[in-house]
Amino acid sequence: MIKAEDVFKIGKLGKPHGFKGEMSFFFDDDVFDAVDADYLILDIDGILVPFFMEEYRFRSDSTALIKFLDVDTRDNAQELTNCDVYFPYALTGQRQQQISWNRIIGFNLVDGETGTSVGVIEAVDDSTVNVLFAVRTAERKEILIPASEELILEVDMEKRVIKAIIPDGLLQI
C-alpha cells in the first residue's frame, strides 16, 4: 500500500483529449520526466494507486498530454479527470535531498510560539519573490502566511509538520 508520506503532489489530471484514453496533465514539477519514471500515482477516492504511463508529450512548461496503460477509451479517461497526481520520493534519487515546495503540500503548519496548529498547507505561491503558504484553517478559512526561511523554525518530514513564527496579527486578518 502506498502511504501519503512516501509521495509528493506534482499535479492534477484534466479532461480527456481525443477518444483513445489520452488526457491533459497539469503539473508543477516535471520530476516524472527528469528521472524517466514508468508510473505516476493517482489519488482515487482517497486511495493512492499507481498508473503506468504508456506515453506523454509536453504541450507547455506546465501541461502535457498523457496516456496511461489500460486506459483506452474516453470514458476510462473521464473517470480520472481531476485526480491529483503524485510522485514517489523513492524514485527521485538526488532530487530527494532538495526540498521542493510541492513536497510540503498537506503539511500541518504550527505556530512555533504557541505550539497550536494554524492549519494545513494547501498550496505554495512562489510566483513572486515573497513565497506564501496558502493555509486552510480548521474553520475552513484560507490565510496566506509568509514562507520565509527566517520564519521557519523546524520541518519534520516524517510527521509532516512545519513549525514557524507567525507574524503578529496575521491570524486575525
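Start by selecting residues 39-44, strand E3, together with residues 47-58, strand E4. In this predicted model, the two strands run antiparallel and are joined by 6 bridges. To see one of the pairings, pick Asp43 and look across to E4, where Leu48 is its bridge partner.

Now move to the turn that links these strands. E3 and E4 make up a hairpin, with 2 residues between them. Click on Asp45 in that turn and check its backbone: phi is positive there, at about 50°.

Keep E3 on screen and add residues 84-88, which form strand E6. Here you will find 2 bridges, again in the antiparallel sense. Which residue of E6 stands opposite Ile41? Select Tyr86 and you have the answer. While you have strands on display, a general point may help with side chains: in a regular strand they alternate between the two faces of the sheet.

Next stop: another sheet to trace, strand by strand. Follow the order E10-E9-E8-E7-E12-E11, an open sheet of 6 strands with mixed pairing. The edges are E10 (142-146) and E11 (152-156); each has a single partner strand, so one side of each is left without a neighbour in the sheet. Turn the view to follow the twist, which averages 35° from one strand to the next.

Finish at the E11 edge. Select E11 along with strand E12, residues 161-164, and you will see antiparallel pairing over 4 bridges. For a last close-up, centre on Asp156, whose bridge partner in E12 is Val161.

Technical notes
Residues are numbered from 1 along each chain as its sequence is written. This is a predicted model: local features need pLDDT of at least 70, side-chain atom pairs count only at pLDDT 80 or more; totals for chains, interfaces and linings use all residues. Side-chain values use heavy atoms; hydrogens and water are left out. Two strands pair if DSSP finds at least two bridges between them. Axes are lines fitted to C-alpha atoms, for helices over the stretch in contact, and angles run from 0 to 180 degrees between N-to-C directions.
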